[in-house]
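Q: Please take a close look at one helix. Show how it sits in its chain.

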Amino acid sequence: MTTKNVLIVGVGGQGVVLASNILSEAAMISGYDVKKNEAHGQSQRSGSVSSHIRYGARVYSPVVGEGEADIILAFEELEALRWAHYLKAGGTIIVNKQRIYPASVISGIDSYPDDPVSLMKDKGIGVISIDGTKMAQQIGNPVVISTLFMGVAAAFLTFTEKAWKTAITTLVPEKHRDLNLKAFAEGRKLATTIPGR
Amino acid sequence: MKKIMLANEAVARGAYEAGVNVASGYPGTPSTEILEEIAHYDEIYTEWSVNEKVAMDVAIGASLAGSRSIVTMKHAGVNVASDPFVPIALMGVNAGLVLISSDDVGAVSSPTEQDTRIYAKLFHVPMLEPSDSQEAKDFTALAFDLSERFDVPFLVRLTNGVSHSKGIVRLSPRKEKSFAPFEPMSPKFRPQGGVHPTVMHNNGYQKLKTLQKYGDKAKVNRVEPGIKKVGIIASGIAYQYAKEVYPSASFLKLGMTYPLPERLIADFASSVKDLYVVEELEPFLEEQVRAMGIRVKGSELRPHAGGLSRETVTKMFSAVLSRPEQKKKGPMPPFPQVIKRFPTMCSGCLHLAFYYAIRMLRKSLKDREVIVMGDIGCYSLGIAAPHNILSCAFAMGSGISSAHGLTKGFGNGKGKAVLSYIGDSTFLHAGIPSLMNAIYNKSPITAIIANNHTTAMTGGQEHAGTGKTIQGNESFPVDIEAICRSIGVEDIHLVDPYDFKQTYEALRQAVDYEGVSVVLGSRPCWLFPKKISQPPLQVLTEKCIGCGSCLSIYCPSIVPSSEKTAKGKAKVSITALSCNGCGFCANVCTSGAITKAG
């Protein structure tokens, strides 16, 4: 198969790294070669966090190129807009309905873009907006947004249910495991309501 | 068994499998995780050393004693470790000795970008460059075998493109190794006494000649035949980009990038029409290939600084790439509405409190220019807006000594107030000799030492002052105040940075003192070793007069609110979610409007 390109982006502390680890693990369990690259080091200081995942028969570069992402999972709206041009024609960007203002916006130096989701839709990009933060809270903990998003992503990727669950079980500490498996199931359910899925 | 591993983690695994017994290093992005991961293996004695030179000495000693040893650092650390590495590289080893350097290509978290490969030539050491996690493990283990076989330490060089990528790694069991211990009177390790340095130098050169021949046949260097029109020589992450961009080209994939396998390169060059080198930073491979009399393209087609990407490598070959390999349609342009999201200092960070005091000092010393020479750590962010506190910051421990030099250059600093700013880990790394020099040479500087009891910038590693080892075992906490006093600092001010008046007064007195002053302020980091959370503060809106004092702390939790004073000034509010409740803003508030929430 041709290499699949996935980007997971967000802000430090949102769970981008965990989500990308789960997705990579599921790819390996499914028998693919997989590589992953992430921007480290800013996660604990409210910086942008991005994780590139590529899987297929044989993967060389760990980095997704511009215009090549099959799917982008964005945990925050500004970050979605920042990476949107990495999406390939016909790709899908799933955006969490959340805005986290950078320090420069809070101090009045910059202004947060007006409605990033509409900006992307106006360019003909396939955008799916979901209120993951609210759903995660309803499930019981805002941190389960990673696994909730994996549940949604599962509708777009070809891994088996078992591969996903094994990946989550391997990577999530035992005390949070059940909650995360529940979030994954909720994500899957949500995906069935997305037109065309 | 296979596992997805960060290349840094895979280096650690390679060391484990190779039977390494001793590991040392100093934290530095993008190398830090290597030693952190090694520390998880009980079989390996692991330490954070106080600096890279010391770490190198530790590894050298362990090699002499007959233990395979590894030493890890970032590119800038190699500059520090180079002093002992030059002689040991020429002397040779007992058990295998491997230096791991990870270069911060793109200077994501460094004041400089540097190509460590050039050192291989100066050191006379062979160099391996892995291009993914599997190779990171395999090359690390191989480096030990070769180090012993050729009697020379090895350099394994990574870059952040490799270090911070993950890939699938096949694991093997550990193989224990044992070697005859060091013979104390062996001439090999006694320059001048047992062996003349020029003989050592020549030995080093001859070993490289032998290694060159080894490289011609070694598995780590391989030809991947493709079209005859284009041949590409590449290694490391550049190989992965090139392979992705131009899969049909012929490749000479180099695992050992010094010394170069000349025979192999010559044969490969003659098998293709046009030869390219794809490499990041300096034209290190390219110049050597050219020196062999081979025509080669590369550096004129790519950026010199900042590293490569899929996009820049595609551009390199835009003239020759056949149509199917060109992208059909370029990607859409980025959205112009996107704004940057810079990393910020944490709410309540002691550095923000110190910066505020320095800002006030600047305001009050109208007739004297306040210059602050910075150092390397979280507080390096003070070199940028909105803080703009540091005039300069370039190398570990250099703030104090360059501040001293500044005063001498200024004719003892008349009309200036010259300060330096350094954190605890950096002070212990290279600040002590700098401070000693300032004392010895009668400097008028004020050295601020901001002690947050951790190596915060790299993720909260232990250091000699924390009282804990890398494995978290209890140790002796080196006392910074006692060091200062013992080397002769008489004017020392111990402050609580959150006490603005105390800190400001201390600085005010210190800059007027004729000799070296130290202002030592301590407060724990909010993130490391454990995230601290205290109840947040709040603004009593009716009391806020919109003076803006608290806003000029540039704490990320203090923001202008939509409410205005009668005079139309914006009042402030505190973001409860991120506020750490440090209380510093309540200290500087002019109207008593900031209090504990509740």
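A: The helix comes first, then its surroundings.

This is a predicted model, in which local features need pLDDT of at least 70, side-chain atom pairs count only at pLDDT 80 or more, and totals for chains, interfaces and linings use all residues. Residues are numbered from 1 along each chain as its sequence is written, chains are lettered from A and ligands numbered from 1 in the order in which they are written, and side-chain values use heavy atoms, without hydrogens and water.

Helix α8 of chain B covers residues 197–217. Helices are DSSP runs of H or I, at least four residues, and strands are runs of E, at least two, numbered from the N terminus. At 1.5 Å a residue, its 21 residues should span 30 Å, and the end C-alpha atoms are 31 Å apart, which agrees. The expected span is 1.5 Å times one less than the number of residues.

The buried residues of α8(B) include B:M200, B:L208, B:L211 and B:Y214. Buried means under 20% relative accessible area, and exposed over 50%, with a 1.4 Å probe and protein chains only. Seen down the axis of α8(B), the buried residues fall within an arc of 165°, so they line one face. That arc is taken from the directions from the helix axis to the C-beta atoms. The face turned away from the buried side carries exposed B:T198, B:K213 and B:K217.

What covers the buried residues? Among the elements are α4 (75–91), α6 (133–150) and β7 (154–159) of chain B. Chain B has 18 helices and 22 strands. Of its 598 residues, 58% count as buried.

Notes:
Contact means heavy atoms within 4.5 Å.
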